Amino acid sequence: MEWIYLLIAGIFETGWAVGLKYSDGLTKFYPVVFTVVTLILSMYLLEKALRTLPVGTAYAVWTGIGIIGTTVLGIFLFNESMNVTRLFFIGLIAVGIGGLKLVSA
(Lines give C-alpha, C1' and ligand atoms only; values in the text may rest on other atoms or scores of the structure.)
Protein backbone atom coordinates (compact mmCIF):
# COMPACT_ATOMS: atom_id res chain seq x y z
CA MET A 1 0.00 0.00 0.00
CA GLU A 2 2.90 2.37 0.72
CA TRP A 3 3.93 2.31 -2.96
CA ILE A 4 0.43 3.35 -3.97
CA TYR A 5 0.59 6.24 -1.48
CA LEU A 6 3.94 7.20 -2.94
CA LEU A 7 2.68 7.06 -6.53
CA ILE A 8 -0.32 9.26 -5.73
CA ALA A 9 1.91 11.64 -3.73
CA GLY A 10 4.12 11.98 -6.80
CA ILE A 11 1.11 12.73 -8.98
CA PHE A 12 0.01 15.43 -6.54
CA GLU A 13 3.56 16.78 -6.59
CA THR A 14 3.19 17.20 -10.34
CA GLY A 15 -0.09 19.01 -9.67
CA TRP A 16 1.35 21.58 -7.32
CA ALA A 17 4.35 22.23 -9.55
CA VAL A 18 2.10 22.91 -12.53
CA GLY A 19 -0.24 24.88 -10.27
CA LEU A 20 2.64 27.19 -9.39
CA LYS A 21 3.13 27.93 -13.07
CA TYR A 22 -0.57 28.72 -13.53
CA SER A 23 -0.68 30.87 -10.37
CA ASP A 24 1.41 33.57 -12.06
CA GLY A 25 3.57 34.38 -9.05
CA LEU A 26 0.84 33.34 -6.59
CA THR A 27 -1.40 36.13 -7.86
CA LYS A 28 -4.31 34.07 -9.23
CA PHE A 29 -6.68 32.80 -6.54
CA TYR A 30 -7.90 29.46 -7.94
CA PRO A 31 -4.50 28.24 -9.13
CA VAL A 32 -3.08 29.15 -5.70
CA VAL A 33 -5.85 27.18 -3.96
CA PHE A 34 -5.19 24.22 -6.28
CA THR A 35 -1.46 24.47 -5.58
CA VAL A 36 -1.89 24.55 -1.81
CA VAL A 37 -4.38 21.66 -1.77
CA THR A 38 -2.22 19.44 -3.99
CA LEU A 39 0.88 20.36 -1.96
CA ILE A 40 -0.80 19.33 1.29
CA LEU A 41 -2.10 16.08 -0.22
CA SER A 42 1.31 15.30 -1.67
CA MET A 43 3.06 15.82 1.66
CA TYR A 44 0.43 13.84 3.56
CA LEU A 45 0.71 10.84 1.25
CA LEU A 46 4.51 11.05 1.21
CA GLU A 47 4.46 10.95 5.01
CA LYS A 48 2.22 7.86 4.95
CA ALA A 49 4.61 6.13 2.55
CA LEU A 50 7.58 7.06 4.75
CA ARG A 51 6.11 5.10 7.64
CA THR A 52 7.40 1.91 6.01
CA LEU A 53 9.64 2.86 3.08
CA PRO A 54 13.23 4.04 3.49
CA VAL A 55 13.38 7.84 3.32
CA GLY A 56 16.05 7.94 0.59
CA THR A 57 14.15 5.57 -1.67
CA ALA A 58 10.77 7.20 -1.09
CA TYR A 59 12.09 10.71 -1.64
CA ALA A 60 13.93 9.73 -4.82
CA VAL A 61 10.84 8.01 -6.24
CA TRP A 62 8.55 10.89 -5.20
CA THR A 63 10.72 13.52 -6.84
CA GLY A 64 11.26 11.29 -9.88
CA ILE A 65 7.51 10.93 -10.42
CA GLY A 66 7.19 14.68 -10.01
CA ILE A 67 9.97 15.34 -12.50
CA ILE A 68 8.49 13.02 -15.11
CA GLY A 69 4.94 14.28 -14.64
CA THR A 70 5.94 17.94 -14.64
CA THR A 71 8.10 17.47 -17.72
CA VAL A 72 5.33 15.73 -19.65
CA LEU A 73 2.75 18.35 -18.67
CA GLY A 74 5.24 21.12 -19.44
CA ILE A 75 5.62 19.74 -22.95
CA PHE A 76 1.86 19.55 -23.55
CA LEU A 77 0.64 22.58 -21.60
CA PHE A 78 3.48 25.08 -21.94
CA ASN A 79 5.17 24.10 -25.24
CA GLU A 80 8.41 23.18 -23.49
CA SER A 81 11.17 21.44 -25.42
CA MET A 82 10.64 17.81 -26.42
CA ASN A 83 14.08 17.08 -27.85
CA VAL A 84 15.48 13.55 -27.87
CA THR A 85 18.28 14.27 -25.40
CA ARG A 86 15.88 15.67 -22.83
CA LEU A 87 13.52 12.72 -23.23
CA PHE A 88 16.45 10.29 -22.94
CA PHE A 89 17.46 11.68 -19.56
CA ILE A 90 13.85 11.75 -18.34
CA GLY A 91 13.73 8.09 -19.38
CA LEU A 92 16.78 7.42 -17.23
CA ILE A 93 14.91 8.86 -14.26
CA ALA A 94 12.02 6.48 -15.00
CA VAL A 95 14.46 3.54 -15.15
CA GLY A 96 15.91 4.67 -11.81
CA ILE A 97 12.45 4.72 -10.23
CA GLY A 98 11.79 1.19 -11.48
CA GLY A 99 15.16 0.05 -10.19
CA LEU A 100 14.51 1.51 -6.73
CA LYS A 101 11.16 -0.28 -6.63
CA LEU A 102 12.83 -3.57 -7.54
CA VAL A 103 15.58 -3.35 -4.94
CA SER A 104 13.17 -2.19 -2.24
CA ALA A 105 10.80 -5.12 -2.65
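The chain has four helices and zero strands, so to speak a run of α-α-α-α when you read along the sequence. Keep in mind that this is a predicted model. Along its principal axes, the C-alpha trace spans about 40 × 35 × 15 Å. Two packed helices are described by the angle between their axes and the distance between the axes, and that is how the pairs below are laid out.

**H1 and H3**

- Helix H1 covers residues 2-22 and helix H3 covers residues 55-78; their axes come within 8 Å and cross at roughly 45 degrees.
- That angle makes H1 oblique to H3.
- The crossing of this pair is right-handed.
- On the H1 side, the contact uses residues including Trp3, Leu6, Leu7, Gly10, Thr14, Ala17 and Tyr22.
- On the H3 side, look for Ala58, Trp62, Gly66, Gly69, Leu73 and Phe78, among others.
- Sorted by class, the residues in the contact of H1 with H3 come out as 15 nonpolar, seven polar and two charged.

**H2 and H3**

- Helix H2 takes in residues 29-50, and its axis and that of H3 come within 10 Å, crossing at roughly 145 degrees.
- This crossing, too, is described as right-handed.
- Ser42, Met43, Leu46 and Leu50 of H2 make the contact with Val55, Ala58 and Trp62 of H3.
- Here the split is six nonpolar, one polar and no charged residues.
- Spot the overlap: Ala58 and Trp62 of H3 are in the contact with H2, and both are also in the contact with H1.

**H3 and H4**

- The axes of H3 and H4 come within 10 Å and cross at roughly 150 degrees.
- That makes H3 roughly antiparallel to H4.
- The crossing of H3 and H4 is left-handed.
- From H3, the residues that meet H4 include Ala60, Gly64, Ile67, Ile68, Thr71 and Ile75.
- Their partners in H4 include Arg86, Leu87, Ile90, Ile93, Ala94 and Ile97.
- By class, the contact of H3 with H4 has twelve nonpolar, four polar and one charged residues.

**A closer look at H4**

- Helix H4 runs over residues 84-104, which is 21 residues.
- From its first C-alpha to its last, H4 reaches 30 Å, close to the 30 Å expected at 1.5 Å a residue.
- What caps the N-terminal end of H4? Asn83 does the job, with a side-chain oxygen 3.2 Å from the backbone nitrogen of Thr85.

Definitions and conventions: Residues are numbered from 1 along each chain as its sequence is written. This is a predicted model: local features need pLDDT of at least 70, side-chain atom pairs count only at pLDDT 80 or more; totals for chains, interfaces and linings use all residues. Side-chain values use heavy atoms; hydrogens and water are left out. Axes are lines fitted to C-alpha atoms, for helices over the stretch in contact, and angles run from 0 to 180 degrees between N-to-C directions. Helices (H or I, at least four residues) and strands (E, at least two) are DSSP runs, numbered from the N terminus. Angles under 35 degrees count as roughly parallel, over 145 as roughly antiparallel, 65 to 115 as roughly perpendicular and the rest as oblique. A crossing is left-handed if the near helix is turned anticlockwise from the far one by less than a right angle, and right-handed if clockwise. Contact means heavy atoms within 4.5 Å. Ala, Val, Leu, Ile, Met, Phe, Trp, Tyr, Cys and Pro count as nonpolar, Asp, Glu, Lys and Arg as charged, and the others, Gly among them, as polar. The expected span of a helix is 1.5 Å times one less than its number of residues. A polar contact is a pair of N or O atoms within 3.5 Å; within protein, one must be able to donate a hydrogen and the other to accept it, and residues adjacent in sequence count only if both atoms are side-chain atoms.
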